[in-house]
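Me: I should like a close look at a single part of this model, namely the largest nonpolar core. Which residues have the most contacts inside it, and which elements give two or more residues to it?

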Amino acid sequence: MRERYWGRAVTHRDLVEAAKKWLKQRSFQIVLTEFTCVHNEVPDVVGLDHMTSAIVECKVSRSDFLRDKKKLSRMEPSTGLGNYRFYLCPPDLIKVTDLPDKWGLLYFDGKKIEPVHAPNVGRAGNEWMNFWLPSNYVAERQVLYSVVRRKTVLERAGDEGQGDEK
């Protein structure tokens with residue numbers, strides 16, 4: 001049974017919003033949700049900073065988690081995004097023994113995230129290194145390029161709508 005959140009079951013959207021906040025609290029300056037680009041992996045939440053990256057996959061059902069394990073980026077970790085990778089789910093949906101190597105596990109009870117198998121708060125110290133995985137650097141650059149390109153296109157569209165008034 002899924003945890004209740006304000007009188008309703010915790011949804012995928014609730015988990016995504018909680019994961020977004022959690023990554024920002026850990027100093028990832030760029031945090032994107034369900035961002036698509038040319039790379040075939042679309043993590044629920046991806047966080048990037050000047051040196052590293054993290055993803056959070058949000059799961060509200062056991063069957064979704066089991067499907068996720070079959071993705072190429074799970075079977076071949078170096079093809080995926082994120083030097084740090086976490087699952088976020090309602091309590092007890094996923095167990096630590098279910099995790100791929102070096103993945104973290106976070107539970108969301110509808111109010112707060114409880115780290116089950118994850119580094120302590122912040123990103124200082126060697127504890128984070130226990131969770132470090134090689135990531136697909138080219139794919140991460142594609143994500144960043146896509147963000148900048150979209151921002152540039154939007155700015156140009158805004159400039160064109162301004163007319164030639166100066």
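Reply: What follows describes that core and then turns to two loop residues. The model is predicted.

The largest nonpolar core has 23 residues. Those with the most contacts inside it are Leu23, Val56, Phe86 and Leu88. Two or more residues are given to this core by each of α1, β5 (53–58), β6 (84–89) and β7 (104–108). Of these elements, α1 supplies the largest share, with 6 residues.

Phe86 shows the surroundings of one of these residues in detail. Leaving aside residues up to four places away in sequence, Phe86 touches Trp22, Ile55, Val56, Glu57, Trp103, Gly104, Leu105, Leu106, Ala118, Pro119 and Trp128. Val56, one of these partners, is itself among the residues with the most contacts inside the core. Ile55, another partner of Phe86, is included in a second, separate core of 18 residues. Phe35, Leu99 and Val143 are also included in that second core.

Two loop residues deserve a note on backbone geometry. Most residues other than glycine have a negative phi. Ser27, however, has a positive phi of about 70°, and it lies in the loop between α1 (12–25) and β3 (30–33). Because its relative accessibility is 45%, Ser27 counts as partly exposed. Glu34 likewise has a positive phi, near 45°, and its place is in the loop between β3 and β4 (45–48). With a relative accessible area of 34%, Glu34 is partly exposed.

Notes. Residues are numbered from 1 along each chain as its sequence is written. This is a predicted model: local features need pLDDT of at least 70, side-chain atom pairs count only at pLDDT 80 or more; totals for chains, interfaces and linings use all residues. Side-chain values use heavy atoms; hydrogens and water are left out. Helices (H or I, at least four residues) and strands (E, at least two) are DSSP runs, numbered from the N terminus. Buried means under 20% relative accessible area, exposed over 50%, partly exposed in between (1.4 Å probe, protein chains only). A nonpolar core is a set of buried Ala, Val, Leu, Ile, Met, Phe, Trp, Tyr and Cys residues joined through side-chain atoms within 4.5 Å. Contact means heavy atoms within 4.5 Å.
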